[in-house]
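Q: Could we go through this structure together, taking each descriptive word and asking what stands behind it?

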Amino acid sequence: MQTPDHRTDTVYIPTATLTCLLLGPGVSITTRALSTLARHGTSVVCTGAGGVRAYAAILPDSLTTHWLEQQVTAWSDPHQRLTVATRMYEMRFGDATVPDGTTLDQLRGMEGQRMKALYKLLAQQHGIGRFRRNYHPDQWHQQDPVNLALSAANTCLYGIIHAAVLALGCSPALGFVHTGTQHAFVYDIADLYKAKATLPLAFSLHQSTNPEQEARRKFRDDLRLIRLLPSVIRDIQALFTPGADTDDDEPERHDIRLVHLWDPKTGVLPAGVNYAPDGN
């Protein structure tokens, strides 16, 4: 680390006590340091300034596949996939109850109506005329300040969600509402928080001369207030195991991570056992 008087100091990082290390812009790291992090089971995520974007991640071999298996099981079954999508809708709109038998098309329509109503309410609060969400990368600078700010803030949100998904060991590509992209699940989870984290912020910058930069900075500053990351972890877990107790006040548990054998009848069998028939 370089000090203000241009001296170089060595800072020792207790890798064995870290769950995740975020490396920001300009950081250099050696192969030996990465080997040490991997040996201690520390995830490494390369992020943007302030940790608001995730560009790449290296996960330790010790990361459990529990939540990935839960995700794949739900994603691969059409009925369970719709059930998870329904939970996302109810989680996103806390007062919403989805009637039994609602299809995915109907769910999208219900979501669209809710978002239109929210856009209208925020526009009225900020004295803006009719607002329409537009995202045109090929005409980026022709967009109005609210759309520019919203796109910038959403990008920051996607980075944080991406880091959380990777930390849990889930696949960013296996989405339940979005599909066809390596970030489908990231977009699914990000939608749970836009009404709270990015939409009010974007509308507040409707008169900004530099809405992209201001949105990124204000979003980063607001993260301390909304405690986003712990909520993301709890909500992803709740999507796959509804009703599970995820109280933050519970004492920390350290489960022993063992390798098991897959069995079509029982699901898993203990490893380290010789299953050859007696007498062979």
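Q: What makes the reach of helix α5 close to the expected one?
A: Helix α5 covers residues 145–168, which is 24 residues, and reaches 35 Å from its first C-alpha to its last, set against the 34 Å expected at 1.5 Å a residue. The expected span is 1.5 Å times one less than the number of residues, and helices here are DSSP runs of H or I with at least four residues, while strands are runs of E with at least two, both numbered from the N terminus. The model is a predicted one, in which local features need pLDDT of at least 70, side-chain atom pairs count only at pLDDT 80 or more, and totals for chains, interfaces and linings use all residues. Residues are numbered from 1 along each chain as its sequence is written, and side-chain values use heavy atoms, with hydrogens and water left out.

Q: Why is α5 called largely enclosed by the rest of the structure?
A: Buried means under 20% relative accessible area, exposed means over 50%, and partly exposed lies in between, with a 1.4 Å probe and protein chains only. Of the 24 residues of α5, 20 are buried, so the helix is largely enclosed by the rest of the structure. In the chain of 280 residues, buried residues make up 33%.

Q: Why does Ala167 count as partly exposed?
A: Ala167 is found in helix α5, and its relative accessibility is 36%, so it counts as partly exposed. Its C-alpha is 9.0 Å from that of Ile233, although the two are 66 residues apart in sequence.

Q: What is found at the two ends of α5, at Asp144 and at Gly169?
A: Asp144 caps the N-terminal end, where a side-chain oxygen lies 3.1 Å from the backbone nitrogen of Val146. A polar contact is a pair of N or O atoms within 3.5 Å; within protein, one must be able to donate a hydrogen and the other to accept it, and residues adjacent in sequence count only if both atoms are side-chain atoms. Just after the helix, Gly169 takes a positive phi of about 90°.

Q: Why are α2 and α3 described as roughly perpendicular?
A: Helix α2 (residues 66–76) and helix α3 (residues 78–92) pack at an angle of about 110°, with their axes 5 Å apart. Axes are lines fitted to C-alpha atoms, for helices over the stretch in contact, and angles run from 0 to 180 degrees between N-to-C directions. Angles under 35 degrees count as roughly parallel, over 145 as roughly antiparallel, 65 to 115 as roughly perpendicular and the rest as oblique, and α2 and α3 are therefore roughly perpendicular to each other.

Q: Which residues of α2 and α3 meet?
A: Contact means heavy atoms within 4.5 Å, and Thr73, Ala74, Trp75 and Ser76 in α2 meet Pro78, Gln80, Arg81 and Val84 in α3.

Q: How do you know that Arg92 is buried?
A: Arg92, which lies in helix α3, has a relative accessible area of 18%, so it is buried. Its side chain reaches the backbone oxygen of Asp191 at 3.0 Å. Leaving aside neighbours within four places in sequence, Arg92 is in contact with Glu111, Met115, Asp191 and Leu192.

Q: Is Thr15 buried or exposed, and why?
A: Thr15, in the segment before β1 (20–23), has a relative accessibility of 13% and therefore counts as buried. Beyond its neighbours within four places in sequence, Thr15 is in contact with Thr36, Leu37, His40 and Thr42.
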